[in-house]
Amino acid sequence: MPGDVLTQRIIVKNNSGKEVRIFLRVDPVEEKHREFLSRLNLQVTSKDEQIFDAATSETAQLTENTPLGAFKAAGSPELVLTLTVPYDLGNEF
């Protein structure tokens, strides 16, 4: 709904018994969804470091695998995703 802000936390658990590297990638948006997604804003943070802050239609620097870091065995890094819907988003969507 217009004006809503949705925040989700994603915890990645490393149960492999060894250090692993985690990567993030954003795939390009289909043209038919571009207008709608260009009006929404997505922020992704990890360990208080901002990884992404742009319209959801943008791929920024994330078109290739972007390393989030190496995580030790039994580690559980957390990603925080915040999606913001503008107040002026029209009913046509």
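A residue counts as exposed when its relative accessible area is over 50%, as buried when that area is under 20%, and as partly exposed in between. These classes are applied below to a predicted model.

**Salt bridges**

Side chains of opposite charge can pair when their charged atoms come close. The structure holds four salt bridges, and three of them are listed here, including the N to O distance of each.

| Salt bridge | N to O distance |
|---|---|
| Glu78 and Arg9 | 3.7 Å |
| Lys32 and Glu30 | 3.8 Å |
| Glu35 and Arg39 | 3.4 Å |

The bridge between Glu78 and Arg9 has its closest N and O atoms 3.7 Å apart. This pair links distant parts of the chain: Glu78 lies in strand β6 (residues 78-84) and Arg9 in strand β1, with 69 residues separating them. Arg9 has a relative accessibility of 56% and therefore counts as exposed, since the exposed class begins over 50%. Glu78, at 32% relative accessibility, is partly exposed.

In the bridge formed by the side chains of Lys32 and Glu30, Lys32 is exposed because its relative accessibility is 66%. Its partner Glu30 is partly exposed, with a relative accessible area of 47%. In the bridge between Glu35 and Arg39, Arg39 has a relative accessible area of 35% and so falls in the partly exposed class.

**Asn14**

Asn14 is located in the loop that joins β1 (5-11) to β2 (20-24). With a relative accessible area of 5%, Asn14 is buried, because the buried class covers values under 20%. The side chain of Asn14 reaches the backbone oxygen of Lys18 at a distance of 3.0 Å. When neighbours within four places in sequence are left aside, the contacts of Asn14 are Glu19, Val20, Phe71, Lys72, Ala73, Ala74 and Gly75.

**Asn65**

A second asparagine, Asn65, occupies the loop between β4 (49-55) and β5 (66-71). Asn65 is partly exposed, its relative accessible area being 49%; this value therefore does not reach the exposed class, which requires over 50%. Asn65 and Ile22 are separated by 43 residues in sequence, and their C-alpha atoms are 9.1 Å apart in space. Apart from neighbours within four places in sequence, Asn65 is in contact with Phe23, Leu24 and Arg25.

Taken together, the two asparagines lie in loops, Asn14 between β1 and β2 and Asn65 between β4 and β5. Asn14 is buried, whereas Asn65 is partly exposed.

Methods: Residues numbered from 1 in each chain as written. Predicted model: local features only at pLDDT ≥ 70, side-chain atom pairs only at ≥ 80, totals over all residues. Heavy atoms only, no water. Helix = DSSP H or I, 4+ residues; strand = E, 2+ residues; numbered from the N terminus. Buried < 20%, exposed > 50% of the residue type's maximum accessible area, 1.4 Å probe, protein only. Polar contact = N/O pair within 3.5 Å; in protein donor to acceptor, adjacent residues only side chain to side chain. Contact = heavy atoms within 4.5 Å.
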